[in-house]
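This report describes how two helices meet in a protein model and what lies around their contact.

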Amino acid sequence: GSYILDALPALQIITIPLAPVAYIYGSIPLANIIIFFVLFLAVVRNPKISYFIRFNTLQAILLDIALFLLLLVGRVLQVPFLFQIFSSVVFIAAVGACLYSMIQSVLGRYAEIPTISEAAYSQLR
């Protein structure tokens, strides 16, 4: 999202609350894989935790995997202008999916994100 935030400096205010988390996340080696395994093993595979929380956690993990794969596709493009457009579209879609999921969760509903929700349903018992 750096291209969008550079083009629209007023939006940088939304990154302020996330700065401490991003700093800690960036300072711990292999933080992404550690967090993945902790969430997957301690939350998703724990039947004592409610299905709603496990489902939403698994959706977040699957969304992260999808974003990683899209990042790899974006790196293959090798054309700076196309990469800027591609990464901006992916960023907007990811923020939209996260906001939608958070609003649905607060309302007590399951967030239905095409393909990702289907994969989450198929993985949970």
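In this predicted model, helix 4 and helix 6 pack with their axes 9 Å apart and at an angle of about 125°. Because this angle is neither over 145 degrees nor within 65 to 115, helix 4 counts as oblique to helix 6. The crossing in which helix 4 passes helix 6 is right-handed.

On the side of helix 4, the contact is made by Y51, F55, L58, Q59, L62 and L63; helix 6 contributes I116, S117, A119, A120, Y121 and Q123. By class, the residues of this contact comprise nine nonpolar and three polar, with no charged residue.

S117 belongs to helix 6, which spans residues 116–123. With a relative accessible area of 1%, S117 is buried, since buried means under 20%. Leaving aside residues up to four places away in sequence, S117 touches F55, Q59, A111 and E112.

The largest nonpolar core consists of six residues, V44, F55, L58, I61, A120 and L124. Helix 4, residues 51–77, gives the most to this core, with three residues. Another member of the core is V44, whose contacts are set beside those of S117 below.

| Residue | Touches (residues up to four places away in sequence not counted) |
|---|---|
| V44 | L39, R54, T57, L58, I61 and L124 |
| S117 | F55, Q59, A111 and E112 |

F55 thus appears in the contact of helix 4 with helix 6, among the residues touched by S117 and in the largest nonpolar core.

Methods:
Residues numbered from 1 in each chain as written. Predicted model: local features only at pLDDT ≥ 70, side-chain atom pairs only at ≥ 80, totals over all residues. Heavy atoms only, no water. Core = buried A, V, L, I, M, F, W, Y, C linked by side-chain atoms within 4.5 Å. Buried < 20%, exposed > 50% of the residue type's maximum accessible area, 1.4 Å probe, protein only. Helix = DSSP H or I, 4+ residues; strand = E, 2+ residues; numbered from the N terminus. Contact = heavy atoms within 4.5 Å. Axes fitted to C-alpha atoms, helices over the stretch in contact; angles between N-to-C directions. Parallel < 35°, antiparallel > 145°, perpendicular 65-115°, else oblique. Left-handed = near helix turned anticlockwise from the far one by under 90°. Nonpolar A, V, L, I, M, F, W, Y, C, P; charged D, E, K, R; others polar.
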